[in-house]
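Reader: I would like to learn how to read a structure feature by feature. Could you take me through one?

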Amino acid sequence: MPQRAPVGTHLFSPMLLRGVEIRNRVGVSPMCQYSSEDGYATDWHLVHLGSRAVGGAGVVMTEATAVTPEGRISNRDLGLWEEGHIEMLSRIFSFVAGAGAVPGIQLAHAGRKASTAPPWEGGGGPVPLSEGGWGAVAPSAVPFNEQHAVPTALDQAGLDAVVAAFRTSAERALRARAQVIEIHAAHGYLIHEFLSPLANKRDDAYGGPLRHRTRLLREIVEGVRSVWPERYPLFVRFSVTDWVEGGWTIEEAIDTTRELANLG
């Protein structure tokens, strides 16, 4: 079971999460770098993440790392959907660990917000198929906004493939020597889209009541935990509320958090 830090501990004192000792309570959150080609990490990532470890952070987390090519936010995103991605990530994580920090990775799928340009290219708006973009998937055929194309609603085979992609990427993360995984279920990306009634209009076992809307997340957590060692922490990042009437609520986030704790 996860170890809880004593009350009254300080920011720079060590802590234990499951079997991983962290030298302090400072964590470097995922920050998109838009510096990959075909999902591959580069020397940029080595310097960016390595310098944070040298600087003294306790946990250093990669940017949102796509579990499938179509799950990228942009074509410059980091990825872990193929074996070739492991080598450079392993070099980076080894350096981070050697500098005294715990290497972590955020696994993500952009859902209906996929196929966008880097911020400095057209303001980061959607990229159409005619200009090198790709088709997005989502819980329902509801676009993110008027500029985005209508996404394809995932069928059961597609849902199973997403769960498998997260599980396989977790296996690769382990071989790359990551010690923390964070599942990205926030910011309007795929998993958040399933959680939110604003994006999820399904009438099957993945839509409607809260238990149904959290099903994909629960399946992903179970899949990842099945290959992720018990001694290593597994995080989930939430947007705790949609701040819109009829959307994902704080109360639903709390209920889901409690349920996920039981899944590891």
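Author: What follows is a short tour of the sheet, the salt bridges, the aromatic pairs and two single residues. This is a predicted model, in which local features need pLDDT of at least 70, side-chain atom pairs count only at pLDDT 80 or more, and totals for chains, interfaces and linings use all residues. Residues are numbered from 1 along each chain as its sequence is written, and side-chain values use heavy atoms, with hydrogens and water left out.

Reader: Let us begin with the sheet. What is the order of the strands in the open sheet of five?

Author: Strands of a sheet pair through backbone hydrogen bonds, either parallel or antiparallel. Here strands (E, at least two residues) and helices (H or I, at least four) are DSSP runs, numbered from the N terminus, and two strands pair if DSSP finds at least two bridges between them. In this model the order is β3-β4-β5-β8-β9, with parallel pairing. Because β3 and β9 each have a single partner strand, they stand at the edges, and one side of each lacks a neighbour in the sheet.

Reader: Over how many bridges do β5 and β8 pair?

Author: Strand β5 (residues 102-108) pairs with β8 in the parallel sense over four bridges. Within β8, isoleucine 183 is the bridge partner of leucine 107.

Reader: Which strands does α1 touch where it packs on the sheet?

Author: Contact means heavy atoms within 4.5 Å. Axes are lines fitted to C-alpha atoms, for helices over the stretch in contact, and angles run from 0 to 180 degrees between N-to-C directions. Helix α1 touches β3 and β4, and its direction makes about 150° with that of β4. Helix α2 also packs on the sheet, touching β4 and β5, with about 140° between its direction and that of β5.

Reader: Now the charged residues. How many salt bridges does the structure hold?

Author: A salt bridge is a side-chain nitrogen of Lys or Arg within 4 Å of a carboxyl oxygen of Asp or Glu. The structure holds eleven. One of them joins the side chains of arginine 76 and glutamate 37 (3.7 Å, N to O). This pair links distant parts of the chain, 39 residues apart: arginine 76 is in the loop between β4 (59-66) and α2 (86-98), and glutamate 37 in the loop between β3 (27-28) and α1 (43-54).

Reader: Which parts does the pair of arginine 91 and aspartate 43 tie together?

Author: Their side chains meet in a salt bridge at 3.4 Å, N to O. Arginine 91 lies in helix α2 and aspartate 43 in helix α1, so the bridge ties together parts 48 residues apart in sequence.

Reader: Is glutamate 182 buried or exposed?

Author: Buried means under 20% relative accessible area, exposed over 50%, and partly exposed in between (1.4 Å probe, protein chains only). Glutamate 182 counts as buried because its relative accessibility is 7%. Its side chain meets that of arginine 237 in a salt bridge (3.1 Å, N to O). Arginine 237, at 24%, counts as partly exposed. There is also a network of salt bridges linking Glu83, Arg172 and Arg175.

Reader: And the rings: how many aromatic pairs does a search of the whole structure find?

Author: A pair of aromatic rings is described by the distance of the centres and the angle of the planes. Rings of Phe, Tyr and Trp (its six-membered ring) pair if their centres lie within 6.5 Å; planes under 30 degrees apart count as stacked, over 60 as edge-to-face and the rest as tilted. The search finds four pairs. Among them, phenylalanine 194 and tyrosine 206 are edge-to-face, at 6.4 Å centre to centre and 75° between the planes. Phenylalanine 194 is in helix α4 (residues 190-195), and tyrosine 206 is in the loop between α4 and α5 (210-213), twelve residues apart. Phenylalanine 194 is buried at 1% relative accessibility, and tyrosine 206 is buried at 1% as well. Tryptophan 228 and tyrosine 232 form a tilted pair, with 5.3 Å centre to centre and 50° between the planes.

Reader: With which side chain does the side chain of glutamate 219 make a polar contact?

Author: A polar contact is a pair of N or O atoms within 3.5 Å; within protein, one must be able to donate a hydrogen and the other to accept it, and residues adjacent in sequence count only if both atoms are side-chain atoms. The partner of glutamate 219 is the side chain of tyrosine 206, at 3.1 Å. Glutamate 219 itself is in helix α6 (residues 215-227).

Reader: Where is serine 239?

Author: Serine 239 is in the loop between β9 (234-238) and α7 (250-262), and it counts as buried at 14% relative accessibility. Leaving aside neighbours within four places in sequence, serine 239 is in contact with Ala185, Ala186, His187, His192 and Trp248.
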